[in-house]
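Please open the structure in your viewer and keep the sequence panel visible. The tour below proceeds by selection, one stop after another.

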Amino acid sequence: MAELTQNEKRLLATLETEKRADAGHLAAVMDATPEAVVQWAHLAQDKGFATVERIVSTEFTLSDEGKEYAANGLPETQLLRNILPGTMLDDLKKQPSFRIGFGQLRKKGLIKVEGSNVIKTPGASTEGDEAALKNPSLTDPKTKELIKRGILQLSETVKYLIAATPEGLALAKKGLDLREETGTLTREQIISGSWKNTNLRRYDVTKLPKKAYPGKIHPYQRIIGEMREILLEMGFTELYGEIVQQSFWNFDALFQPQDHPAREMQDTFYLKETLPLPKGFENVKAMHISGGETSSTGWGGVWKEEKAEQCVLRTHTTSLSIQHLAQNTRPPVKAFAVGRVYRRETIDTTHLAEFEQLEGIVMDENVSFANLLGTLREFYNRMGFESVRFKPSYYPYTEPSLDAEVYIDGIGWIEMGGAGVFREEVTAPLGIMYPVLAWGLGVSRIAMLRLGLKDLRLLHKSDVAFLRETPSYRQMKGGI
Ligand SMILES: N[C@@H](Cc1ccccc1)C(=O)O
């Protein structure tokens, strides 16, 4: 038998004398609110000791307009009184009831207009409508019409009738312990033994405990961790690098012309600092001006060392890939980096001025464009995106270039990042003789899709509800 709480016991004891009663009345007797009484009654009902009846009664009231019509008749009734044989439309228009009444009479088919005369149809009467106004009924179409016209209003009142079941009454008759329950015993009560006379609150083992929110890894960090794990499993090594980069590595070494719009102040965060150019920068310079030793013609024009020396907050993690290649010109190279990048963006639900990229490169004797597509597909598949497709794109440092897209049910194809094979203009100045596959993917996109977020900013807010309700890694794998 389920335990009764103190309040449920009090309710049963009250019902023993009050019999079947309204929650409002019981509330007054028990010095409680009707809402609380209804709640206790429902709990007692679940345990089989009480019954709760919900009684909805409807009541019709007259609006201000309705009150006037109840006294003087509906506008159509008032107007109808004025229609006598030979009544002209123009006379009728002078009546105050004309505005509403005329339309109603026509709608009900009680009058006809013939030339400038208005004629009552035989037996025309509004008695039914007047009756509905005086004695409305829920099933009467005329009443419904008056409600629609705002003349009558319908209000509902809900009452709860509460009674004890025979089991509940039997329990109440046997006598219920109505003493205040004791939840905590004091030292004195224990020593003196007076605890024996207290009404100890029982444990309710059927009650769910308060939800606990244990500490866990931030959902965004968890997803980044998953990506890193996948790439490590695929045989990549991880790269790390500075956030502040020289323009030389962020742009020039990637064959991005010095007048490229992405290099402008409005797109990139520049710092006051400069750094001396690395050894061998002349090769990059020559490539920009004339194509160096290769068959390329370069970009032509001038190439300024001062521009290449300027420091920026890296605009992409490709600046790390290219430095890694410069230091590792022999195959094989298979590396990735996850890092924050910075661009002057207007912040909104899908754009931030600082965001994360997942960068990767593969350099080896025989790697091809097909390997690039295969690697990206494999990565997205392992991240849980089943459908992946590629479309041609453009980056100054790759040829061919592509953008990868994944398909999300209910959304469609979503662009996830860029990739390509590094151009000779990028690899030759570093002395690299083999193809380099490269990509830079959006990380927060993946997180947004995986977590079902509509606003990217949530990833960076300490929104406790979001953090609590987002399942942990273990919960995602089916644990608790
Ligand atoms: N750096 C590019 C992505 C990319 C990386 C490597 C090769 C091609 C494209 C971007 O930020 O969008």
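Which residue in S11 is the bridge partner of Tyr 270? Select Tyr 270 and look across to S11, where Val 312 is its bridge partner. Before continuing, please note that this is a predicted model.

**Stop 1: a sheet of three strands**

Extend the selection to S10 and to strand S11, residues 310–313; the two run antiparallel and are joined by 2 bridges. Now add strand S9, residues 244–246. The resulting open sheet has 3 strands in the order S9-S11-S10, and the pairing is antiparallel. S9 and S10 are the edge strands, each pairing on one side only. On average, neighbouring strands in this sheet are turned by 40° against each other, direction ignored.

**Stop 2: a loop before S10**

Next, select Phe 255, which is found in the loop between helix H13 (247–250) and strand S10 (270–274). Although Phe 255 is not a glycine, its phi is positive, at about 55°. Is Phe 255 buried or exposed? Phe 255 counts as buried because 26 other C-beta atoms lie within 10 Å, and the cut-off for a buried residue is 20 or more.

**Stop 3: a loop after H1**

For a second positive phi, select Lys 19, in the loop between helix H1 (6–18) and strand S1 (21–22). Lys 19 is not a glycine either, and its phi is about 60°. Lys 19 has 10 C-beta neighbours inside 10 Å and therefore counts as exposed, since that class requires 12 or fewer.

**Stop 4: the nonpolar cores**

Select Leu 325, Ile 361 and Val 436. These are the residues with the most contacts inside the largest nonpolar core, which has 53 residues. Strand S17, residues 436–442, supplies the largest share of this core, with 5 residues. Return to Leu 325 and display its surroundings: residues up to four places away in sequence aside, Leu 325 touches Val 333, Ile 361, Met 363, Leu 430, Ile 432 and Val 436. Elsewhere, a second, separate core has 15 residues, including Leu 12, Ala 41, Ala 50 and Ala 164.

**Stop 5: two cis peptide bonds**

Select Pro 331 and Pro 332. The peptide bond from Pro 331 to Pro 332 is cis, and omega is near -5°. Pro 332 lies in the loop between helix H16 (318–327) and strand S12 (333–342). Then select Glu 399 and Pro 400, which are also joined by a cis peptide bond, with omega about 0°. Pro 400 is placed in strand S15.

**Stop 6: an annotated position**

Keep Glu 399 selected, in strand S15 (residues 398–408). An unreviewed UniProt entry places the feature "binding site" at Glu 399. What does Glu 399 contact, leaving aside neighbours within four places in sequence? The contacts of Glu 399 are Gly 420, Val 421 and Arg 423. Glu 399 is partly exposed, because 14 other C-beta atoms lie within 10 Å.

**Stop 7: helix H7**

Finally, select Phe 98, found in helix H7 (residues 98–107). Phe 98 has 18 C-beta neighbours inside 10 Å and so counts as partly exposed. Not counting residues up to four places away in sequence, Phe 98 touches Leu 79, Leu 92 and Lys 93. To end the tour, add Gln 78: the C-alpha atoms of Phe 98 and Gln 78 are separated by 8.8 Å, while the two residues are 20 residues apart along the chain.

Conventions. Residues are numbered from 1 along each chain as its sequence is written. This is a predicted model: local features need pLDDT of at least 70, side-chain atom pairs count only at pLDDT 80 or more; totals for chains, interfaces and linings use all residues. A nonpolar core is a set of buried Ala, Val, Leu, Ile, Met, Phe, Trp, Tyr and Cys residues joined through C-beta atoms within 7 Å. Helices (H or I, at least four residues) and strands (E, at least two) are DSSP runs, numbered from the N terminus. Two residues are in contact if their C-beta atoms, placed from the backbone, lie within 7 Å. UniProt positions are given in the numbering used here, feature names are shortened, and annotations may be inferred rather than shown by experiment. Two strands pair if DSSP finds at least two bridges between them. Axes are lines fitted to C-alpha atoms, for helices over the stretch in contact, and angles run from 0 to 180 degrees between N-to-C directions.
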